[in-house]
Amino acid sequence: MDRGARRWEMRVDGEGFEVGERAGEPGTYDFTWLTGPNPGYGFTTGVHGADSLSTRELEEAARDFLAQVDPETGYIE
């Protein structure tokens with residue numbers, strides 16, 4: 001993963017995500033769930049007052065998201 005890039009792909013527990021750090025908003029990341037059943041679906045996470053999140057923190061955010069998804073709909077209910 002090239003953390004110097006604005007957008008990159010990461011895999012977490014077998015699921016693929018495109019991650020983008022928002023320009024001008026350090027520490028804010030938009031995730032698109034590439035392997036999910038609903039194209040374009042994802043989430044945003046961030047931390048106030050930090051320059052960036054670590055890879056481990058980004059992976060934890062993805063795991064938290066996946067834990068909330070209803071397996072029948074592919075959405076957070």
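Begin the tour by selecting Phe65, a buried residue with a relative accessible area of 2%; buried means under 20% relative accessible area, exposed over 50%, and partly exposed in between (1.4 Å probe, protein chains only). The model on the screen is predicted, so local features need pLDDT of at least 70 and side-chain atom pairs count only at pLDDT 80 or more, while totals for chains, interfaces and linings use all residues. Residues are numbered from 1 along each chain as its sequence is written, and side-chain values use heavy atoms, with hydrogens and water left out.

**The helix around Phe65**

Extend the selection to helix α1, residues 55-68. Helices (H or I, at least four residues) and strands (E, at least two) are DSSP runs, numbered from the N terminus. The 14 residues of α1 should span 20 Å at 1.5 Å a residue, and the end C-alpha atoms are 20 Å apart, which agrees. The expected span is 1.5 Å times one less than the number of residues in the helix.

Colour Leu58, Ala61, Ala62 and Phe65, which are buried in α1. These residues cover an arc of only 95° around the axis, which puts them on the same side of α1; the arc is that of the directions from the helix axis to the C-beta atoms. Which strands do the buried residues of α1 pack against? They pack against β1, β2, β3 and β4, where contact means heavy atoms within 4.5 Å.

**The aromatic rings**

Next, show Phe31, which is buried at 3% relative accessibility, and Phe43, also buried, with a relative accessible area of 16%. Phe43 and Phe65 form a stacked aromatic pair, 4.7 Å centre to centre with 20° between the planes. Rings of Phe, Tyr and Trp (its six-membered ring) pair if their centres lie within 6.5 Å; planes under 30 degrees apart count as stacked, over 60 as edge-to-face and the rest as tilted. Phe43 lies in strand β4 and Phe65 in helix α1, so this pair ties together parts that are 22 residues apart in sequence.

How many aromatic pairs does the structure hold? The structure holds nine. One of them is the stacked pair of Phe31 and Phe43, at 4.3 Å centre to centre and 15° between the planes. Because Phe31 lies in strand β3 and Phe43 in strand β4 (residues 42-46), the pair ties together parts that are twelve residues apart in sequence. To see the wider group, select Phe17, Phe31, Trp33, Tyr41, Phe43, Phe65 and Tyr75, which form one aromatic cluster.

**The nonpolar core**

Now display Met10, Phe17, Val19, Tyr29, Phe31, Phe43 and Leu58, the residues with the most contacts inside the largest nonpolar core, which has 15 residues. A nonpolar core is a set of buried Ala, Val, Leu, Ile, Met, Phe, Trp, Tyr and Cys residues joined through side-chain atoms within 4.5 Å. The elements that give two or more residues to this core are β1 (7-12), β2 (15-21), β3 (28-33) and α1 (55-68). Helix α1 gives the most, with four residues. In soluble globular proteins, nonpolar side chains tend to be buried together.

**The salt bridges**

Turn then to the charged side chains. A search of the whole structure finds five salt bridges, each a side-chain nitrogen of Lys or Arg within 4 Å of a carboxyl oxygen of Asp or Glu.

Select Glu18 and Arg7, whose side chains meet in a salt bridge (2.9 Å, N to O). Glu18 lies in strand β2 and Arg7 in strand β1, so the pair ties together parts that are eleven residues apart in sequence. Glu18 is partly exposed, with a relative accessible area of 26%, and Arg7 is partly exposed at 44%.

Move on to Asp13 and Arg63, a salt bridge in which the closest N and O atoms are 2.9 Å apart. This pair links distant parts of the chain, with Asp13 in the loop between β1 and β2 and Arg63 in helix α1, 50 residues apart. Is Asp13 buried or exposed? Asp13 is exposed, with a relative accessible area of 56%, whereas Arg63 is partly exposed at 36%.

Finish with Arg22, Glu25 and Asp30, which are linked in a network of salt bridges. Within this network, the side chains of Arg22 and Asp30 meet at 2.9 Å, N to O. Arg22 is partly exposed, with a relative accessible area of 30%, and Asp30 is partly exposed at 22%. Glu25 lies in the loop between β2 and β3 and is partly exposed at 36% relative accessibility. As a last step, select Ser52: the C-alpha atoms of Glu25 and Ser52, 27 residues apart along the chain, are separated by 9.6 Å.
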